[in-house]
Amino acid sequence: MSEITYVRGDATVPSVKGAKVIAHLCNDIGGWGRGFVQAVSRRWPEPEAAYRAWHRDRAKNDFGLGAVRLVKVAPDVWVANMIGQRGIRRARSSGAPVRYEAIDSALARLADEVVELGASVHMPRIGCGLAGGRWSRVEPLVTERLVKRGISVTVYDHGEGGG
(Lines give C-alpha, C1' and ligand atoms only; values in the text may rest on other atoms or scores of the structure.)
Protein backbone atom coordinates (compact mmCIF):
# COMPACT_ATOMS: atom_id res chain seq x y z
CA MET A 1 0.00 0.00 0.00
CA SER A 2 1.24 3.47 -0.83
CA GLU A 3 1.45 6.30 1.65
CA ILE A 4 0.74 10.01 1.68
CA THR A 5 3.40 12.05 -0.13
CA TYR A 6 4.43 15.26 1.64
CA VAL A 7 5.89 18.14 -0.36
CA ARG A 8 6.62 21.84 0.08
CA GLY A 9 4.60 23.95 -2.30
CA ASP A 10 1.19 25.18 -3.31
CA ALA A 11 -1.64 22.62 -3.36
CA THR A 12 -3.40 24.68 -6.05
CA VAL A 13 -0.56 23.92 -8.48
CA PRO A 14 -0.06 20.14 -8.49
CA SER A 15 2.71 19.15 -10.89
CA VAL A 16 1.55 15.67 -11.84
CA LYS A 17 -0.02 14.38 -15.02
CA GLY A 18 -3.60 13.19 -15.24
CA ALA A 19 -6.80 14.09 -13.46
CA LYS A 20 -6.34 15.97 -10.17
CA VAL A 21 -8.67 16.87 -7.33
CA ILE A 22 -7.65 19.67 -4.97
CA ALA A 23 -9.42 18.98 -1.67
CA HIS A 24 -9.99 21.48 1.12
CA LEU A 25 -12.36 22.14 3.99
CA CYS A 26 -15.14 24.66 4.18
CA ASN A 27 -17.33 25.69 7.11
CA ASP A 28 -21.06 25.05 7.43
CA ILE A 29 -22.15 28.71 7.72
CA GLY A 30 -21.40 29.99 4.22
CA GLY A 31 -18.22 31.86 5.11
CA TRP A 32 -15.44 31.93 2.50
CA GLY A 33 -12.47 34.24 2.69
CA ARG A 34 -9.70 33.16 5.06
CA GLY A 35 -7.11 30.40 4.96
CA PHE A 36 -6.51 28.09 2.00
CA VAL A 37 -9.63 29.32 0.18
CA GLN A 38 -7.77 32.54 -0.58
CA ALA A 39 -5.26 30.56 -2.66
CA VAL A 40 -8.12 28.72 -4.37
CA SER A 41 -9.95 31.97 -5.18
CA ARG A 42 -6.77 33.58 -6.55
CA ARG A 43 -6.61 30.82 -9.18
CA TRP A 44 -10.29 30.14 -9.94
CA PRO A 45 -13.58 31.94 -9.20
CA GLU A 46 -15.75 28.83 -9.69
CA PRO A 47 -15.19 27.03 -6.34
CA GLU A 48 -16.23 30.05 -4.28
CA ALA A 49 -19.24 30.76 -6.49
CA ALA A 50 -20.31 27.11 -6.31
CA TYR A 51 -19.87 27.03 -2.51
CA ARG A 52 -21.90 30.21 -2.01
CA ALA A 53 -24.71 28.94 -4.28
CA TRP A 54 -24.66 25.55 -2.52
CA HIS A 55 -24.98 27.27 0.86
CA ARG A 56 -27.65 29.72 -0.36
CA ASP A 57 -29.82 26.83 -1.64
CA ARG A 58 -29.08 24.55 1.34
CA ALA A 59 -32.75 24.00 2.13
CA LYS A 60 -33.01 22.10 -1.17
CA ASN A 61 -29.67 20.23 -1.24
CA ASP A 62 -27.15 18.21 0.79
CA PHE A 63 -25.16 21.18 2.16
CA GLY A 64 -24.00 20.32 5.68
CA LEU A 65 -21.24 18.68 7.68
CA GLY A 66 -19.67 15.79 5.76
CA ALA A 67 -20.95 16.87 2.33
CA VAL A 68 -18.71 17.30 -0.73
CA ARG A 69 -19.08 19.11 -4.04
CA LEU A 70 -16.56 18.83 -6.86
CA VAL A 71 -16.16 21.90 -9.04
CA LYS A 72 -14.41 21.52 -12.39
CA VAL A 73 -11.88 24.34 -12.89
CA ALA A 74 -9.80 22.99 -15.80
CA PRO A 75 -10.07 20.06 -18.22
CA ASP A 76 -8.32 17.73 -15.74
CA VAL A 77 -8.63 19.64 -12.43
CA TRP A 78 -11.47 19.71 -9.89
CA VAL A 79 -11.70 21.48 -6.53
CA ALA A 80 -13.47 19.51 -3.79
CA ASN A 81 -15.36 21.78 -1.40
CA MET A 82 -15.75 19.56 1.70
CA ILE A 83 -17.82 20.72 4.67
CA GLY A 84 -15.67 19.77 7.65
CA GLN A 85 -15.97 22.51 10.22
CA ARG A 86 -18.81 23.85 12.33
CA GLY A 87 -18.80 27.62 12.06
CA ILE A 88 -15.59 29.62 12.29
CA ARG A 89 -13.13 30.37 15.05
CA ARG A 90 -13.91 33.51 16.96
CA ALA A 91 -11.57 35.45 19.23
CA ARG A 92 -13.22 34.24 22.44
CA SER A 93 -14.29 30.89 21.08
CA SER A 94 -14.22 27.81 23.24
CA GLY A 95 -13.08 24.95 21.07
CA ALA A 96 -11.98 24.54 17.50
CA PRO A 97 -14.48 24.46 14.62
CA VAL A 98 -12.96 21.29 13.12
CA ARG A 99 -15.28 18.27 13.05
CA TYR A 100 -13.33 15.05 12.54
CA GLU A 101 -16.48 12.96 11.92
CA ALA A 102 -17.45 15.35 9.12
CA ILE A 103 -13.96 15.15 7.61
CA ASP A 104 -14.19 11.36 7.70
CA SER A 105 -17.60 11.38 5.97
CA ALA A 106 -16.44 13.93 3.40
CA LEU A 107 -13.29 11.93 2.60
CA ALA A 108 -15.34 8.75 2.13
CA ARG A 109 -17.63 10.57 -0.32
CA LEU A 110 -14.63 12.16 -2.02
CA ALA A 111 -12.98 8.77 -2.50
CA ASP A 112 -15.94 7.50 -4.54
CA GLU A 113 -15.77 10.53 -6.84
CA VAL A 114 -11.98 10.39 -7.19
CA VAL A 115 -11.99 6.68 -8.05
CA GLU A 116 -14.60 7.36 -10.74
CA LEU A 117 -12.45 10.17 -12.19
CA GLY A 118 -9.22 8.16 -11.92
CA ALA A 119 -7.70 11.20 -10.22
CA SER A 120 -5.03 11.91 -7.65
CA VAL A 121 -5.79 14.09 -4.58
CA HIS A 122 -3.85 17.20 -3.57
CA MET A 123 -4.48 19.11 -0.35
CA PRO A 124 -3.04 21.22 2.42
CA ARG A 125 -3.18 19.69 5.92
CA ILE A 126 -6.96 19.95 5.91
CA GLY A 127 -8.58 20.93 9.17
CA CYS A 128 -5.29 22.04 10.74
CA GLY A 129 -5.22 25.73 9.92
CA LEU A 130 -8.07 28.02 10.90
CA ALA A 131 -10.26 25.00 11.72
CA GLY A 132 -7.92 24.29 14.67
CA GLY A 133 -7.53 20.55 14.18
CA ARG A 134 -4.54 18.29 14.67
CA TRP A 135 -2.91 16.45 11.76
CA SER A 136 -2.37 13.47 14.05
CA ARG A 137 -6.18 13.06 13.99
CA VAL A 138 -6.72 13.93 10.32
CA GLU A 139 -3.89 11.92 8.73
CA PRO A 140 -5.36 8.51 9.73
CA LEU A 141 -8.68 9.54 8.15
CA VAL A 142 -6.93 10.45 4.89
CA THR A 143 -5.05 7.15 4.96
CA GLU A 144 -8.16 5.09 5.74
CA ARG A 145 -10.53 6.75 3.27
CA LEU A 146 -8.20 7.57 0.36
CA VAL A 147 -4.82 5.85 0.49
CA LYS A 148 -6.26 2.43 1.37
CA ARG A 149 -8.45 2.70 -1.73
CA GLY A 150 -5.36 3.11 -3.89
CA ILE A 151 -5.73 6.86 -4.35
CA SER A 152 -2.52 8.85 -4.71
CA VAL A 153 -2.54 11.64 -2.09
CA THR A 154 -0.10 14.56 -1.89
CA VAL A 155 -0.16 16.91 1.09
CA TYR A 156 1.38 20.34 0.58
CA ASP A 157 3.06 22.35 3.30
CA HIS A 158 3.04 25.99 2.24
CA GLY A 159 3.68 27.84 5.45
CA GLU A 160 0.22 29.30 6.14
CA GLY A 161 -1.40 26.07 7.26
CA GLY A 162 -4.19 23.97 5.82
CA GLY A 163 -7.80 24.86 5.51
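In this predicted model, the largest nonpolar core gathers 31 residues. Met82, Leu107, Leu110, Met123, Leu146 and Val153 have the most contacts inside this core. Several elements contribute: β2, β4, α3, β5, α4 and β6 each bring at least two residues. Among these elements, α3 (100-117) gives the most, with 7 residues.

Val153 is a good place to start looking around. Leaving aside residues up to four places away in sequence, Val153 touches Glu3, Ile4, Thr5, Val121, Met123, Val142, Leu146 and Val147. There is also a second, separate core, made of 19 residues, which includes Trp32, Trp54, Val77 and Ile83.

**The sheet**

Now for the strands. The open sheet is formed by 6 strands in the order β1-β6-β5-β2-β4-β3, and their pairing is mixed. Which strands stand at the edges? They are β1 (5-8) and β3 (68-74); each has a single partner strand, so one side of each is left without a neighbour in the sheet. On average, neighbouring strands of this sheet are turned by 30 degrees against each other, direction ignored.

The table below lists three of the pairings, each with one pair of facing residues.

| Strand pair | Sense | Bridges | A facing pair |
|---|---|---|---|
| β1 and β6 (153-157) | parallel | 4 bridges | Thr5 and Thr154 |
| β2 and β4 (77-85) | parallel | 8 bridges | His24 and Asn81 |
| β2 and β5 (120-123) | parallel | 3 bridges | Val21 and Val121 |

**Strand β2, covered on both faces**

Strand β2 (residues 20-27) deserves a closer look. In this strand 8 of the 8 residues are buried, so β2 is largely enclosed by the rest of the structure. A little background helps here: in a regular strand, side chains alternate between the two faces of the sheet. In β2, one side carries Lys20, Ile22, His24 and Cys26, while the other carries Val21, Ala23, Leu25 and Asn27. Every one of these residues is buried, and both faces of the strand are covered.

Two of the residues just named also appear in the table. His24 stands opposite Asn81 in β4, while Val21 has Val121 in β5 as its bridge partner.

**Helix α4 and its buried face**

Helix α4 (135-145), one of the contributors to the largest core, has four names to remember. Its buried residues are Trp135, Val138, Leu141 and Val142. Why do they line one face of the helix? Seen down the axis of α4, they fall within an arc of 125 degrees, so they sit along one face. The general background is that an α-helix has 3.6 residues a turn, so residues three or four places apart point the same way. The cover over the buried residues of α4 includes β1, α3, β5 and β6. One contact seen earlier fits this picture: Val142 is among the residues that Val153 touches.

**The cysteines**

Finally, how many disulfides does the structure hold? The count is 0. A disulfide is a covalent bond between the sulfur atoms of two cysteines. For Cys26, the closest cysteine sulfur is in Cys128, 15 Å away, and that is too far for a bond. Are these two residues buried or partly exposed? Cys26, part of the covered strand β2, is buried with a relative accessible area of 3%. Cys128 counts as partly exposed, at 23% relative accessibility.

Notes:
Residues are numbered from 1 along each chain as its sequence is written. This is a predicted model: local features need pLDDT of at least 70, side-chain atom pairs count only at pLDDT 80 or more; totals for chains, interfaces and linings use all residues. Side-chain values use heavy atoms; hydrogens and water are left out. Two strands pair if DSSP finds at least two bridges between them. Axes are lines fitted to C-alpha atoms, for helices over the stretch in contact, and angles run from 0 to 180 degrees between N-to-C directions. A disulfide is a pair of cysteine sulfur atoms within 2.5 Å. Buried means under 20% relative accessible area, exposed over 50%, partly exposed in between (1.4 Å probe, protein chains only). A nonpolar core is a set of buried Ala, Val, Leu, Ile, Met, Phe, Trp, Tyr and Cys residues joined through side-chain atoms within 4.5 Å. Contact means heavy atoms within 4.5 Å. The arc is that of the directions from the helix axis to the C-beta atoms.
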